[in-house]
Amino acid sequence: MPISRRALAAAAVTALVLPLSACGSGGDGGGSTDASGKVEGDITFQTWNLRANFKDYFEGLIADFEKKYPGTHVKWVDQPAEGYADKISADAAGGTLPDVVNVSPDLVAPLAKAGLALDLDKAAAKYKAEYLPGAWAGHQIPGMSGTYAFPWYLNTGPLFYNKTLFEKAGLDPNKPPKTYDELFTDALRMADKSGGKVATLANIPTIEDFGRYGVPLMNKEGTAFTFNDPKGVELLTKYKQLYDAKALDPQALTATPESSGKKFLTGAVAMNPGSALDLDNFKKQAPNLYKNIGITDQITSTGHVNMYVMGVMVNSRTKHTPAAVAFAHYVTDAEHQMSFAKKVAIFPSTAGSLDDPYFTKEDGTDETRVRIAAAKSLKSAVNYTPVLFSDQMKTALRNEVAKALQGKQSPKAALDNAVKACDQLLKQQG
């Protein structure tokens, strides 16, 4: 299936529990951090659920690399999405981790802590300037110095909004809210004007919302979460006001991307994240909505939207460091990221690539319209989700937020409890 924004988001939250004691730490047993030698030898490259749709692309890319570097041989293995984190964990524990591995930031964190991910700030610093700063920083680990994977493809999603609903509420349909303060003001007005029949949002706040609001999410050492600070409490308090005023959909506590999309489709909700695929759906199922659809950036009070980032990690124990680093860079260089982006709805992480006409020039199609909006915002985007924030932690935060919105506990108590639960889970990660 194509890699949608939602699919990438889902992939990027998979938690990896790595038995660190089985791996040891640091540099015993292995390879060299020196990538300056001759590029030669046999290496293994592992991707994450990409063979089915992109077999020809990767086989061609590997053949070109081997031609460029005679004496190299790349064995490509592709793992299914299901159980990918467990597979990496087992390989790490068993000493069978491939030389070059497709990872998300949360997957690289325990590998870096176990000394299994090559520090590219040391081994490949010369390539750093080729990538967007926010993307290069995406595989840095709190409490550790270094960068532990080349940035590969990025994704983000603009917000859709219903211009007709904005007009009915007396709001300017050509000036959608950009910051959270503007959003809260407009949402309360829309709920009031519609007698509580139209909500502006269909989803409760996630860790990304706290990040985009400017809440510090974690301490610099990576040992504790901090999103229960006064700014975090302020954000949740405002969401509680929205919920009470029906400016936040009453079903938001149990919303899924599908249910939120349906509410937007039927005009019960005024704003919702989406993709070009959704636009096509609106055209067929809700032509009146489609005619009056607005596209805007994600809401942010920091000036930076959220990005999802995928990476390519080099195993620090590889026997062929120069070849592994060269191949990881080859996969993620500007030319190959650009060619991959034209095959699937993702965005390159390389500097300057987003200025290509493919990401800037309108051609009248919905797909291009959404692609241009997303590409523009990605240039300065940030991966807000802490790399140490697991699926279980997301659930803990969601549960406490729900209690606060329902009035079962105060926003401060809810976030204190969420931080306590997440810190406990963090300690269990080792």
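This note walks through the predicted model, from its overall build to a few single residues.

1. **Overall build.** The protein has 20 helices and 9 strands. Along the principal axes, its C-alpha atoms fill a box of roughly 70 × 50 × 35 Å.

2. **Is the fold compact or spread out?** Look at the radius of gyration. A compact globule of 430 residues would have a value near 22 Å, and the protein has 22 Å, so the two agree.

3. **Inside and surface.** Of the 430 residues, 54% count as buried. The protein exposes about 18,200 Å². Carbon and sulfur atoms supply 51% of that area.

4. **Contacts along the chain.** Take the contacts between residues at least 6 apart in sequence. Of these, 77% join residues at least 24 apart. Glycine 294, in point 6, gives an example of two residues far apart in number: this glycine and threonine 164 are 130 residues apart along the chain.

5. **Charges.** There are 47 positive side chains and 46 negative ones. The centres of the two sets lie 5 Å apart.

6. **Glycine 294.** This residue lies in strand E7. Is glycine 294 buried or exposed? Its relative accessibility is 2%, and buried means under 20%, so glycine 294 counts as buried. Its C-alpha atom is separated from that of threonine 164 by 9.7 Å. Leaving out residues up to four places away in sequence, glycine 294 touches Leu159, Phe160, Tyr161 and Lys163.

7. **Asparagine 306.** Strand E7 (293-296) also helps to place this residue: asparagine 306 sits in the loop between that strand and strand E8 (308-314). A loop residue can still be hidden, as here: asparagine 306 is buried, with a relative accessible area of 1%. What does its side chain reach? It reaches the backbone nitrogen of tyrosine 384, at 2.9 Å. Tyr384 is also on the contact list of asparagine 306, which leaves out residues up to four places away in sequence. Others on that list include Asn155, Thr156, Glu208, Arg212 and Gln298. Ala381, Val382, Asn383 and Thr385 are on it too.

8. **Threonine 350.** Here is another buried loop residue. Threonine 350 lies between strand E9 (347-348) and helix H17 (357-360). Its relative accessible area is 1%, under the 20% cut-off, so threonine 350 is buried. Which side chain does the side chain of threonine 350 join in a polar contact? The partner is serine 353, at 2.6 Å. Beyond its neighbours within four places in sequence, threonine 350 is in contact with Glu130, Tyr131 and Leu132, and also with Thr332, Asp333, Ala334 and Gln337.

9. **Asparagine 49.** Check the backbone here. Asparagine 49 has a positive phi of about 60 degrees, although it is not a glycine. The residue is in the loop between strand E1 (41-48) and helix H3 (51-68). Its relative accessibility is 38%, and the partly exposed class runs between 20% and 50%, so asparagine 49 counts as partly exposed.

10. **Lysine 246.** The backbone deserves a look here too. Phi of lysine 246 is near 60 degrees, a positive value in a residue other than glycine. Where is lysine 246 found? It is in the loop between helix H11 (230-244) and helix H12 (257-265). Lysine 246 is partly exposed, with a relative accessible area of 44%.

How values were computed
Residues numbered from 1 in each chain as written. Predicted model: local features only at pLDDT ≥ 70, side-chain atom pairs only at ≥ 80, totals over all residues. Heavy atoms only, no water. Helix = DSSP H or I, 4+ residues; strand = E, 2+ residues; numbered from the N terminus. Buried < 20%, exposed > 50% of the residue type's maximum accessible area, 1.4 Å probe, protein only. Polar contact = N/O pair within 3.5 Å; in protein donor to acceptor, adjacent residues only side chain to side chain. Contact = heavy atoms within 4.5 Å. Rg over C-alpha atoms; globule rule 2.2 N^0.38 Å. Areas by Shrake-Rupley, 256 points an atom, 1.4 Å probe, with all protein chains shown as cover. Lys, Arg positive; Asp, Glu negative; His and termini not counted. Charge placed at Lys NZ, Arg CZ, Asp CG, Glu CD.
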